[in-house]
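Grab a coffee and work through a few short exercises on side-chain contacts and exposure. Try each task yourself before reading the solution.

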Amino acid sequence: MRAAVLHETGQDKLEILDDVETTGFGPGRVRIRVRATGLCHSDLSAMSGVLPQPAPFVPGHEGAGEVLEVGEGVTNVRPGDRVVVCWLPACGACPACRRGQTELCLAGFMNAGTPNFKRPGGDVFGFAGTGTFAEEVVVDAGCAVPIPDDVPFDIAALIGCGVTTGLGAALNTADVEAGSSVAVIGCGGVGISAIQGARLKGAAEIVAVDPVASRREAALRFGATRAVAPGELPDAKQAVTAGEGFDYVFEVVGRSATARTAYENTRRGGTLVVVGAGAMDDHLQLNMFELFFDEKRILPSMYGGGDVLRSYERTVALWRAGRIDLEGLITHRVPLGDVNEALDQMRTGVALRTCIEI
């Protein structure tokens, strides 16, 4: 089958190969024919080495498709079912799951160290234990989440990561208060989803911050009340909050510099939500006095900060009701053979989400 493979960490191009095979099918496992997958910035971060991932690997973790085959003991799906790929399934038994913090379950991360594919030259991993830049993927049954037949594959793919992450940051992690002021730093697909979440919660002012003009324009269509370049944020802070700072600031870039900017633009007693996935050696510096004196809440948000399956269902319900726009997030579409074009679209910022049709 065909798949896009990164041979070595640090390379910036993927090679489309037709000699890749899935591995690991058996009891408790599901084989999925991937129909659509989104390109998430985390895929680029894994390619560059910012996020740890053994290589060679097939990127992609935001996918949807149909079940081809199920292993012994699998009861949640059947062949022919439409599913979204969940890259962080909950085991249901670990301490985090028992506490109700299923987004912190480590079972899914363990899958990243087990090869999902093979080639004549050896094993190939799947990013985040999945690897959806391939025609087929074999995953644990918990990674295959059934979706209603009326949800298109491209929409379902977005729900698999970016939309769930951004919406959940606003709805679950921050629990944005109606009438509040919000700033979102980084307005790709995840940031736009956070904007939609803040709008749903009734935020009075939502300031979108991004260096790319097209993304700023898009943010206004999705619910932002203002959209500014990073250098214009101080003026927006003054205009919206009289210089006090925003009630909520979402950092959706994954860098210490933007997290520091987010902290400085959060009002005393306000909430900074860290959504972006950054590097292990990129440290955010705060002094102990400001940490005590400002009493700002710093809330990291992992995969939307809530139960993933409930978040999927909520997103579908909101989409059906016309409360959120998911179709508009897909600004570009490419076939698998043009995946490197999708990478360029992400790097330059021209795309909110590129749908790779497989």
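**Exercise 1: a pair at the start of the chain**

R2 has a relative accessibility of 33%, so it counts as partly exposed. Keep in mind that this is a predicted model.

Task: Find which residue forms a salt bridge with R2, and work out where the two partners sit.

Solution:
- Step 1. The partner is E135, and the closest N and O atoms are 3.8 Å apart. The cut-off for a salt bridge is 4 Å, so this pair counts.
- Step 2. Now place them: R2 is in the segment before strand 1 (3–5), while E135 is in the loop between strand 9 (122–126) and strand 10 (136–140). The two are 133 residues apart, so the contact links distant parts of the chain.
- Step 3. Check E135 for exposure: its relative accessible area is 22%, so it is partly exposed.

**Exercise 2: helix to helix**

Task: For the salt bridge between E290 and R260, decide for each residue whether it is buried or partly exposed.

Solution:
- Step 1. Start with the contact itself: the closest N and O atoms of E290 and R260 are 2.8 Å apart.
- Step 2. E290 belongs to helix 10 (residues 288–294) and R260 to helix 9 (residues 256–264), with their positions 30 residues apart in the chain.
- Step 3. Buried means under 20% relative accessible area. E290, at 11%, is therefore buried. R260 comes in at 22%, so it is partly exposed.

**Exercise 3: strand to strand**

Task: Say which strands are tied together by E357 and R333, and how exposed the two residues are.

Solution:
- Step 1. The side chains meet in a salt bridge, at 3.2 Å from N to O.
- Step 2. E357 lies in strand 19 (residues 353–357) and R333 in strand 18 (residues 330–335), so the bridge ties together parts 24 residues apart in sequence.
- Step 3. Both are partly exposed: E357 has a relative accessible area of 39%, and R333 has 44%.

**Exercise 4: the wider count and a nonpolar patch**

Task: How many salt bridges does the structure hold, and which residues make the nonpolar surface patch of about 330 Å²?

Solution:
- Step 1. The total is 19 salt bridges. K13, D344 and R347 are linked in a network of them.
- Step 2. The patch is made by L106, F109 and M110.
- Step 3. Take M110, which is found in helix 3 (residues 107–111). Its relative accessible area is 58%, so M110 is exposed.

Key: Residues are numbered from 1 along each chain as its sequence is written. This is a predicted model: local features need pLDDT of at least 70, side-chain atom pairs count only at pLDDT 80 or more; totals for chains, interfaces and linings use all residues. Side-chain values use heavy atoms; hydrogens and water are left out. Patches are made of residues with over 30% relative accessible area and no salt bridge: like charges are joined within 9 Å, nonpolar side chains (Val, Leu, Ile, Met, Phe, Trp, Tyr) within 5 Å. Accessible areas come from the Shrake-Rupley method with a 1.4 Å probe; for residues, only the protein chains shown count as cover. Helices (H or I, at least four residues) and strands (E, at least two) are DSSP runs, numbered from the N terminus. Buried means under 20% relative accessible area, exposed over 50%, partly exposed in between (1.4 Å probe, protein chains only).
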